[in-house]
Amino acid sequence: MSQNPPRYVREVMTRPAIWVHPDASLVEAAQLMRAQDIGDVLVAGDGELLGVLTDRDITLRAVAEGVDPLAVTCHAVCTPHPVTIGPDEEVAEAAARMRRHAVGRLPVVEAGRPLGVISLGDVLEPP
């Protein structure tokens, strides 16, 4: 039986990266998530990934704490220094990294710049 050739992150990732500026309000981020029908956005400034902001982050780190979502920045609430992967790495490595860090998505980054996102669904799809 022949072995399938490796698949690479760039072949299956979702592009482009959906991101907000670090100084954007949580309301702006939530509106973007709603418009794009997604549950998270990357937080990036000057072309560099700074963090990931999820709808859960907004709920637990802001709303549950009673902060004003118009006055708090995305950078203040996001998860900083997220686990990332490069576009030329194998999909199998993305799956292993997701398991190791218990995350369902990885920002795809090249030279610090966010290119897109690879999700568990992308990893599980057959070639």
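Reader: Where is Pro16 found?

Author: In this predicted model, Pro16 is found in the loop that runs between helix H1 (9-12) and strand E1 (19-20).

Reader: Which residue does a cis peptide bond join to Pro16, and what is omega?

Author: The cis peptide bond joins Arg15 and Pro16, and omega there is about -10°.

Reader: Which residues line the second largest pocket?

Author: Pro16 is one of the lining residues. From the early part of the chain, Thr14, Ala17 and Ile18 are also in this lining. The others are Gln36, Ile38, Asp40, Val41, Leu42, Arg105, Gly116 and Val117.

Reader: About how much space lies in that second largest pocket?

Author: The second largest pocket holds about 210 Å³ of space.

Reader: Which elements each supply at least two residues of its lining?

Author: They are E2 and strand E6 (113-119). The largest share comes from E2, with three residues.

Reader: How do the residues of that lining divide by class?

Author: Seven are nonpolar, three are polar and two are charged.

Reader: Turning to the largest pocket, about how much space lies in it?

Author: The largest pocket has about 240 Å³ of space. It is lined by 14 residues, and those closest to its centre are Val52, Thr54, Pro82, Val103 and Arg105. Arg105 also belongs to the lining of the second largest pocket.

Reader: Which elements give two or more residues to the lining of the largest pocket?

Author: Three strands do so: E2 (40-45), E3 (48-54) and E5 (105-110). Of these, E5 gives the most, with three residues.

Reader: How many residues of that lining are nonpolar, polar and charged?

Author: The lining of the largest pocket has eight nonpolar, three polar and three charged residues.

Reader: A change of topic: at roughly what angle do the axes of H2 and H3 cross?

Author: The axes of helix H2 (residues 26-36) and helix H3 (residues 55-63) cross at roughly 150° and come within 10 Å. Angles over 145 degrees count as roughly antiparallel, and H2 and H3 are therefore roughly antiparallel to each other.

Reader: Is the crossing of H2 and H3 left-handed or right-handed?

Author: The crossing of H2 and H3 is left-handed.

Reader: Which residues meet between H2 and H3?

Author: On the H2 side they are Leu26, Ala30 and Met33, and these meet Asp55, Ile58 and Ala62 of H3. By class, this contact of H2 with H3 has five nonpolar residues, no polar residues and one charged residue.

Reader: One last point, on the backbone: what is phi at Ala102?

Author: Ala102 has a positive phi of about 55°, although this residue is not a glycine.

Reader: And where is the place of Ala102?

Author: Ala102 lies in the loop between helix H5 (91-101) and E5.

Conventions:
Residues numbered from 1 in each chain as written. Predicted model: local features only at pLDDT ≥ 70, side-chain atom pairs only at ≥ 80, totals over all residues. Heavy atoms only, no water. 1 Å grid on protein atoms, 1.4 Å probe; cavity = no way out; pocket = protein on both sides within 12 Å on 5 of 7 lines; lining within 4 Å. Points joined across faces, edges and corners; volume = space filled by probe spheres on them. Helix = DSSP H or I, 4+ residues; strand = E, 2+ residues; numbered from the N terminus. Nonpolar A, V, L, I, M, F, W, Y, C, P; charged D, E, K, R; others polar. Axes fitted to C-alpha atoms, helices over the stretch in contact; angles between N-to-C directions. Parallel < 35°, antiparallel > 145°, perpendicular 65-115°, else oblique. Left-handed = near helix turned anticlockwise from the far one by under 90°. Contact = heavy atoms within 4.5 Å.
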